[in-house]
Amino acid sequence: GAPEICAARGFRLVDRRVVGAVEVDVRPQRVGEEERLLEHERDRRTQLVGLDPFQSTKFVQVFLALLTLPAVYWTVRDQTGEDSPLPVVALLFLGANSQFAIWGGAGLENGLLNCLIAWGIYRMMRELRFGGIPWSALLWMLVALTRPEGILYAAVAGFCAMVFEWEARRS
């Protein structure tokens with residue numbers, strides 16, 4: 001039969017299971033005990049300083065969205081020049097983009113991904129133009145660790161950096 005969960009105790013209660021033609025006894029086991037303990041500890045720590053865990057994540061999401069904006073501004077400014085109005089237009093478009101707000105508010109890793117990609121692009125473009133320590137490599141590594149599709153974003157960034165570098169050496 002299907003496993004029944006006793007939520008109050010976190011046990012999976014199953015007496016028997018049929019595996020093939022053999023009946024197997026399955027002992028009760030803890031379900032998610034480690035995750036529950038970590039969540040409880042996080043809640044306890046945030047409540048010690050007077051923060052509700054749900055509300056504190058919203059503040060972090062807003063902080064990550066605000067941290068993304070300077071990277072977008074400076075990336076566009078570096079490409080268009082200091083006198084161009086395009087960096088402000090880029091910020092207005094980003095701020096008006098509902099997908100940016102929805103994606104950034106859908107979970108901490110999404111806002112973090114936005115922020116890391118924006119700063120990764122900014123650093124990569126600076127390094128390609130002016131040289132210096134390749135901090136973008138660290139940022140792209142963090143992008144790859146943030147979400148499963150982050151590996152693809154980092155790979156595309158590496159490919160773009162390779163093409164830009166190759167084009168710069170040709171000219």
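How many salt bridges does the structure hold? There are six salt bridges in this predicted model. Several of them are described below, after a look at the chain as a whole.

The chain has five strands and seven helices. Read from the N terminus, the order of elements is β-β-β-β-β-α-α-α-α-α-α-α. The strands thus precede the helices along the chain. Of the 171 residues in the chain, 24% are buried. The accessible surface is about 12200 Å². Carbon and sulfur atoms supply 64% of that surface. Among contacts with a separation of 6 or more, 41% join residues 24 or more positions apart.

Helix H5 is a good place to start. H5 covers residues 108-130, a run of 23 residues. From the first C-alpha to the last, H5 reaches 32 Å. The expected value at 1.5 Å a residue is 33 Å, so the two figures are close. After H5 comes Gly-131. The phi of Gly-131 is positive, near 80 degrees.

Within H5, the side chains of Arg-123 and Glu-127 form a salt bridge, with an N to O distance of 3.6 Å. The two residues are four apart in the helix, which places them about one helical turn from each other. Their exposure can be set side by side. Glu-127 has a relative accessibility of 13% and counts as buried, because the cut-off for buried is under 20%. Arg-123 has a relative accessible area of 22% and is partly exposed.

Now move to helix H2, residues 53-80, where Asp-78 lies. Is Asp-78 buried or exposed? Asp-78 is buried, because its relative accessible area is 15% and the limit is 20%. What does Asp-78 touch, leaving aside residues up to four places away in sequence? Its contacts are Tyr-122, Arg-126 and Arg-129. These three residue numbers fall within the range of H5, residues 108-130. Asp-78 therefore links H2 to H5 by contact.

Helix H7 spans residues 150-170 and holds two more of the bridges. In one, the side chains of Glu-165 and Arg-169 meet at 3.3 Å, N to O. The two residues are four apart in H7, about one turn of the helix. Arg-169 is exposed, at 66% relative accessibility. Glu-165, with a relative accessible area of 30%, is partly exposed.

The other bridge in H7 pairs Arg-170 with Glu-167. Here the closest N and O atoms are 3.9 Å apart, and the cut-off for a salt bridge is 4 Å. Arg-170 and Glu-167 are three residues apart, again about one helical turn. Arg-170 is exposed, with a relative accessible area of 58%. Glu-167 is partly exposed, at 40% relative accessibility.

One further group remains. Which residues are linked in a network of salt bridges? They are Glu-109, Arg-147 and Glu-149. Glu-109 belongs to the residue range of H5.

In short, H5 recurs through this account. The helix carries the bridge between Arg-123 and Glu-127. Its residue range also includes Tyr-122, Arg-126 and Arg-129, the residues that Asp-78 touches.

Definitions and conventions: Residues are numbered from 1 along each chain as its sequence is written. This is a predicted model: local features need pLDDT of at least 70, side-chain atom pairs count only at pLDDT 80 or more; totals for chains, interfaces and linings use all residues. Side-chain values use heavy atoms; hydrogens and water are left out. Buried means under 20% relative accessible area, exposed over 50%, partly exposed in between (1.4 Å probe, protein chains only). Contact means heavy atoms within 4.5 Å. Accessible areas come from the Shrake-Rupley method with a 1.4 Å probe; for residues, only the protein chains shown count as cover.
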